[in-house]
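I opened a notebook page for this structure and put down what I looked up, entry by entry.

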Amino acid sequence: MSSPLCTELEEPLSPSSDQTTPHPEGEFSRRTFVKAAGILGAVTATGLPHFAEAEDAQAAVSTAPHTVDLTLKINGKSHALTALDTRTSLLDALREYLDLTGSKKGCDHGQCGACTVLVDGHRVNACLTLAVVAEGAEITTVEGLANGDTLSPVQQGFLDHDAFQCGYCTPGQICSATALLEEHKRHDLSTVSFATGQTSTPELTDNEIRERMSGNICRCAAYPNIVAAVRAAYNGGRA
Ligand code: FES
Ligand code: FES
């Protein structure tokens, strides 16, 4: 049975539009169109099961678990992880599988900085980093910053200057500040460096510290003391 569209198209054609007569606009008569549409419909109808099969196969592939065995080097020690889902974030690998709970999960969206760790000396948001990507790198968490009982300069600064209240953001702040001091030593620039015209060796002013720590949020608003702690670490203990 013809579809309503086909019924309409199969109305008697005027002599001038017969398929044997070239159509004035592109040699494509209504009858030719009806034939082409019929052929296309048949192809589509017979092709559909194949598309459905392909979609099923695609769904089966994408939902199958993908796991991997990997070794992460964290705070100087190797940790083997077996059959880890490849989608696992570095933060979840640290906290859920390796019991390194110093790095905190705040937003899990790269917005708060609570999960900051160092990967080859660079600060990264562990919630946005896949664990598999970190294989082969030197990972440092807040647990690895002290040397035995001797705190790192930034840790000591946080203690000396009361730079925490609830302490939830503190591990991320400390890791971030640790990398910040290295970045500053390398003469890395920030928007404040450009705003103040200090584009060769920017001085680590409070504004530079604030800008460079701006990816780390503190709900308790301990910001003035955090700046003082970072300044003290930079000045060898003097705020
Ligand atoms: S938990 Fe990673 S940025 Fe907030
Ligand atoms: S000290 Fe509480 S969130 Fe920063």
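Entry: a charged pair, Arg 186 and Asp 188.
I began with Arg 186, which is partly exposed because its relative accessible area is 42%. I noted that this is a predicted model. Arg 186 forms a salt bridge with Asp 188, and the closest N and O atoms of the two are 2.7 Å apart. Asp 188 is also listed as partly exposed, at 27% relative accessible area.

Entry: salt bridges that share partners.
I then looked for salt bridges with partners in common and found one network made of Asp 92, Lys 105 and Asp 108. In the whole protein I counted 9 salt bridges. The one between Asp 92 and Lys 105 has its closest N and O atoms 2.8 Å apart. Where in the chain do Asp 92 and Lys 105 lie? I found Asp 92 in helix 3 and Lys 105 in the loop between helix 3 and strand 3, so the pair links parts of the chain that are 13 residues apart. Lys 105 forms a salt bridge with Asp 108 as well, here with 3.5 Å between the closest N and O atoms. For exposure, I wrote down 29% relative accessible area for Lys 105, which is partly exposed. Asp 108 is partly exposed too, at 32%.

Entry: the protein as a whole.
I stepped back to the outline and counted 8 helices and 5 strands. Along the sequence they follow the pattern α-α-β-β-α-β-β-β-α-α-α-α-α. The protein has 239 residues, and 33% of them are buried. I looked up its accessible surface, which comes to about 14300 Å², with 55% of this belonging to carbon and sulfur atoms. Among contacts with a separation of 6 or more, 49% are between residues 24 or more positions apart.

Entry: the sheet.
In what order do the 5 strands of the open sheet stand? I read the order as 2-1-5-3-4, and the pairing is mixed. Strand 2 (77–85) and strand 4 (122–125) each have a single partner strand, so they stand at the edges and one side of each has no neighbour in the sheet. From one strand to the next the twist averages 40°. I reminded myself that strands of a sheet pair through backbone hydrogen bonds, either parallel or antiparallel. I then checked strand 3 (residues 116–119) against strand 5 (residues 138–140), and they pair in the antiparallel sense over 2 bridges. Leu 118 stands opposite Thr 140 in strand 5. I also looked at what covers this part and saw helix 5 (residues 170–185) lying across strand 3 and strand 4, at about 40° to strand 3.

Entry: Leu 94.
I found Leu 94 in helix 3 (residues 90–97). Is Leu 94 buried or exposed? Its relative accessible area is 0%, so Leu 94 is buried. Leaving aside neighbours within four places in sequence, I listed its contacts as Ile 74, Asp 99, Leu 100, Ser 103, Val 117 and Thr 141. I also took the distance to Ala 131, which is 37 residues away along the chain: the two C-alpha atoms are separated by 8.8 Å.

Entry: Ser 89.
Ser 89 sits in the loop between strand 2 and helix 3. I had it down as buried, with a relative accessible area of 8%. Which residues beyond four places in sequence are in contact with Ser 89? I noted Ala 126, Cys 127, Thr 129, Leu 130 and Ala 131.

Entry: a nonpolar patch.
I met Leu 130 again on the surface, where it forms a nonpolar patch with Val 132 and Val 133. Together these residues have about 230 Å² of accessible area. Val 133 lies in the loop between strand 4 and strand 5. At 59% relative accessibility Val 133 is over the 50% cut-off, and therefore counts as exposed.

Entry: Gln 155.
I closed with Gln 155, in helix 4 (residues 153–160). Its relative accessibility is 11%, so Gln 155 counts as buried. Beyond its neighbours within four places in sequence, I found Gln 155 in contact with Val 142, Leu 145, Ala 146 and Ile 174.

Methods
Residues are numbered from 1 along each chain as its sequence is written. Chains are lettered from A and ligands numbered from 1 in the order in which they are written. This is a predicted model: local features need pLDDT of at least 70, side-chain atom pairs count only at pLDDT 80 or more; totals for chains, interfaces and linings use all residues. Side-chain values use heavy atoms; hydrogens and water are left out. Two strands pair if DSSP finds at least two bridges between them. Helices (H or I, at least four residues) and strands (E, at least two) are DSSP runs, numbered from the N terminus. Axes are lines fitted to C-alpha atoms, for helices over the stretch in contact, and angles run from 0 to 180 degrees between N-to-C directions. Contact means heavy atoms within 4.5 Å. Buried means under 20% relative accessible area, exposed over 50%, partly exposed in between (1.4 Å probe, protein chains only). Patches are made of residues with over 30% relative accessible area and no salt bridge: like charges are joined within 9 Å, nonpolar side chains (Val, Leu, Ile, Met, Phe, Trp, Tyr) within 5 Å. Accessible areas come from the Shrake-Rupley method with a 1.4 Å probe; for residues, only the protein chains shown count as cover. A salt bridge is a side-chain nitrogen of Lys or Arg within 4 Å of a carboxyl oxygen of Asp or Glu.
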